[in-house]
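Welcome, and thanks for taking a look at this one with me. Below are some numbered notes to read alongside the structure.

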Amino acid sequence: MNTVRNKTQRPGHDYVRGGVRFAGEVTAWVCTPWALWSHSIPLAIGAVLLLIGLPAVFSTPDDRPGGDAPVAVPGIVTILLVVLHLVAAAASAWALWGTWIAATVTVLCLIVPFTELPRWRALLSATHDRTERPARR
């Protein structure tokens, strides 16, 4: 039984690619505030609010399978939000853990952009398609 519906899904939204991206995002959500907590509690709380709140409020239209966020942004913004999560996850892993775990998280964060390429291409082309169309009257 095939559980992945390729014809109706947008590029980059299959279970494997989404799972790899989600692993990087969850690592950022957990590690970043944990790494910042000993330096500044408000900074740690702010980091988790930004890492979770920004993607919840801002997204590219028609990118999310579950529906769009309240504020529509170009595809490059969605890509930059993913990159922000990956950088935060890798940096905080090195601040918190030993070499092997931090290196594993870093490898995960380096794999994500390659698994995200189809989605990122679709996000960038959707942005260009919308800006090049003439306005309807």
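1. Let us begin with a question: is Glu116 buried or exposed? Keep in mind that this is a predicted model. Glu116 turns out to be buried, since its relative accessible area is 0% and buried means under 20%.

2. Now for the partners of this residue. A search through the whole structure turns up two salt bridges. In one of them, the side chain of Glu116 meets that of Arg21, with 2.5 Å from N to O. This pair links distant parts of the chain: Arg21 belongs to helix 1 (residues 15–37), Glu116 to helix 4 (residues 99–132), and their positions lie 95 residues apart in the numbering. As general background, side chains of opposite charge can pair when their charged atoms come close.

3. Glu116 also forms a salt bridge with Arg119, where the closest N and O atoms are 2.7 Å apart. Here both partners sit in helix 4, three residues apart, which is about one turn of the helix.

4. Put together, Arg21, Glu116 and Arg119 are linked in a network of salt bridges. How do the two arginines stand in terms of burial, buried or exposed? Arg21 has a relative accessible area of 12% and is buried. Arg119 is buried too, at 6% relative accessibility. With the cut-off for buried at under 20%, you can follow each of these assignments yourself.

5. Next, please turn to the surface. Which residues make the nonpolar surface patch of about 410 Å²? They are Trp37, Ile41, Ile45 and Leu49. Helix 2 (residues 41–57) gives the largest share of this patch, with three residues.

6. Trp37, one of the patch residues, has its place in helix 1. Its relative accessible area is 47%, so Trp37 counts as partly exposed. When you look at helix 1, you can therefore find both Arg21, which takes part in the salt bridge to Glu116, and Trp37.

7. One last spot to visit is Val77, which is found in helix 3 (residues 75–96). Val77 is partly exposed, with a relative accessible area of 29%. Where does Thr60 lie relative to Val77? The two residues are 17 apart along the chain, and 7.8 Å separates their C-alpha atoms.

Terms used. Residues are numbered from 1 along each chain as its sequence is written. This is a predicted model: local features need pLDDT of at least 70, side-chain atom pairs count only at pLDDT 80 or more; totals for chains, interfaces and linings use all residues. Side-chain values use heavy atoms; hydrogens and water are left out. A salt bridge is a side-chain nitrogen of Lys or Arg within 4 Å of a carboxyl oxygen of Asp or Glu. Helices (H or I, at least four residues) and strands (E, at least two) are DSSP runs, numbered from the N terminus. Buried means under 20% relative accessible area, exposed over 50%, partly exposed in between (1.4 Å probe, protein chains only). Patches are made of residues with over 30% relative accessible area and no salt bridge: like charges are joined within 9 Å, nonpolar side chains (Val, Leu, Ile, Met, Phe, Trp, Tyr) within 5 Å. Accessible areas come from the Shrake-Rupley method with a 1.4 Å probe; for residues, only the protein chains shown count as cover.
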